[in-house]
Amino acid sequence: TGGDGLDTFNVSTAAGIVLAACGLKCAKHGNRSASGNVGSADFLEALGCKIQLDGDMVATAIEECGFGFLFAQMFHPSMRHVAAPRKELGIRTIFNLLGPLTNPAKPQLQVIGVGRKELGPLYADLLRLANVRQGLVVHSAEGLD
């Protein structure tokens, strides 16, 4: 969900890349950092990836290398209007919570990390309501999402 406040690199994006390296397909949905240091988009750009891809281009990337990035601002154009205020606030907002639930790929297998343990059951219920075939909600003892 981002913004766990623990000053780490973008674990969820790295996990998606590892999944692809293991032969699984990953449609990673994310954005630039708003409440943390490094958002998915920032992380991937630092690696030299092009992030402003349309749906067909993301599908091709997933097919060819197992990993595709769905940049929230490309797939949810209204997000462009809240990017600057979110960054200025510098804290977690409702958008951190909504992001994992609005993946345009609508994956049927999904892992969501939560920065607060009490959010786990809520996300589990939301995955069930979204008819996700298999979902896993994770949280570390240190508070990593």
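## Salt bridges, cores and a few busy side chains

Asp42 is partly exposed, at 23% relative accessibility. That makes a handy way into this model, which is a predicted one. Asp42 pairs up with Arg32 through a salt bridge, with 3.5 Å from N to O. Asp42 sits in helix α2 (residues 40-46), while Arg32 is in the loop between β1 (26-30) and α2, so the bridge ties together parts that are 10 residues apart in sequence.

Arg32 has another partner too: it forms a salt bridge with Glu45, and here the closest N and O atoms are 2.6 Å apart. This pair also links distant parts of the chain, with Arg32 in the loop between β1 and α2, Glu45 in helix α2, and their positions 13 residues apart. Like Asp42, Arg32 counts as partly exposed, at 30% relative accessibility. Glu45 is partly exposed as well, at 36%.

How many salt bridges are there by this rule? The count comes to 3. Here they are side by side:

| Salt bridge | N to O distance |
|---|---|
| Asp42 and Arg32 | 3.5 Å |
| Arg32 and Glu45 | 2.6 Å |
| Glu118 and Arg116 | 2.7 Å |

In the Glu118 and Arg116 bridge, the closest N and O atoms are 2.7 Å apart. Glu118 is exposed, with a relative accessible area of 52%, and Arg116 is partly exposed at 45%. As for networks, salt bridges with shared partners join Arg32, Asp42 and Glu45 into one.

### Next to Arg32: Asn31

Asn31 is in the loop between β1 and α2. Buried or exposed? Asn31 is buried, with a relative accessible area of 13%. Its side chain makes a polar contact of 3.1 Å with the side chain of Gln73. Leaving out residues up to four places away in sequence, Asn31 touches quite a list of others, including Gly39, Ser40, Ala41, Phe69, Phe71, Met79 and Arg86.

### Helix α1 and the cores

Helix α1 covers residues 11-21, and Thr13, Ala14, Gly16 and Ala20 in this helix are buried. They span an arc of only 155° around the axis, which puts them on the same side of α1. What lies over these buried residues includes β1, α2, α3 (55-65) and β2 (67-71). After α1 comes Gly23, with a positive phi near 95°.

Two of those α1 residues, Ala14 and Ala20, turn up again in the largest nonpolar core. This core has 10 residues: besides that pair, Cys26, Ala41, Phe43, Leu44, Ile51, Phe67, Phe69 and Phe71 belong to it. The elements giving two or more residues to this core are α1, α2 and β2. There is also a second, separate core of 6 residues, with Leu119, Tyr123, Leu127 and Val132 among them.

Cys26, one of the members of the largest core, has its own set of contacts. Setting aside neighbours within four places in sequence, Cys26 is in contact with Gly16, Ile62, Gly66, Phe67 and Gly68. Gly16 is one of the buried residues of α1, and Phe67 is another member of the largest core.

### No disulfides

How many disulfides does the structure hold? It holds 0. Why is Cys49 not bonded to Cys65? The sulfur of Cys49 is 8.3 Å from the sulfur of Cys65, the closest cysteine sulfur, and that is too far for a bond, given that a disulfide needs the sulfurs within 2.5 Å. Looking from the other end, Cys65 has its closest cysteine sulfur in Cys49, again at 8.3 Å and too far for a bond. Cys49 is partly exposed, with a relative accessible area of 37%.

### Asp54 ahead of α3

Asp54 is in the loop between α2 and α3, and it is partly exposed, with a relative accessible area of 38%. Which backbone nitrogen does the side chain of Asp54 reach at 2.9 Å? That one belongs to Met57. The backbone nitrogen of Asp56 also lies 3.1 Å from a polar atom of the Asp54 side chain.

Beyond its neighbours within four places in sequence, Asp54 is in contact with Met74 and Phe75. Asp54 and Lys28 are 26 residues apart in sequence, and their C-alpha atoms are 13 Å apart in space.

Terms used:
Residues numbered from 1 in each chain as written. Predicted model: local features only at pLDDT ≥ 70, side-chain atom pairs only at ≥ 80, totals over all residues. Heavy atoms only, no water. Buried < 20%, exposed > 50% of the residue type's maximum accessible area, 1.4 Å probe, protein only. Salt bridge = Lys/Arg side-chain N within 4 Å of Asp/Glu carboxyl O. Helix = DSSP H or I, 4+ residues; strand = E, 2+ residues; numbered from the N terminus. Polar contact = N/O pair within 3.5 Å; in protein donor to acceptor, adjacent residues only side chain to side chain. Contact = heavy atoms within 4.5 Å. Arc of directions from axis to C-beta. Core = buried A, V, L, I, M, F, W, Y, C linked by side-chain atoms within 4.5 Å.
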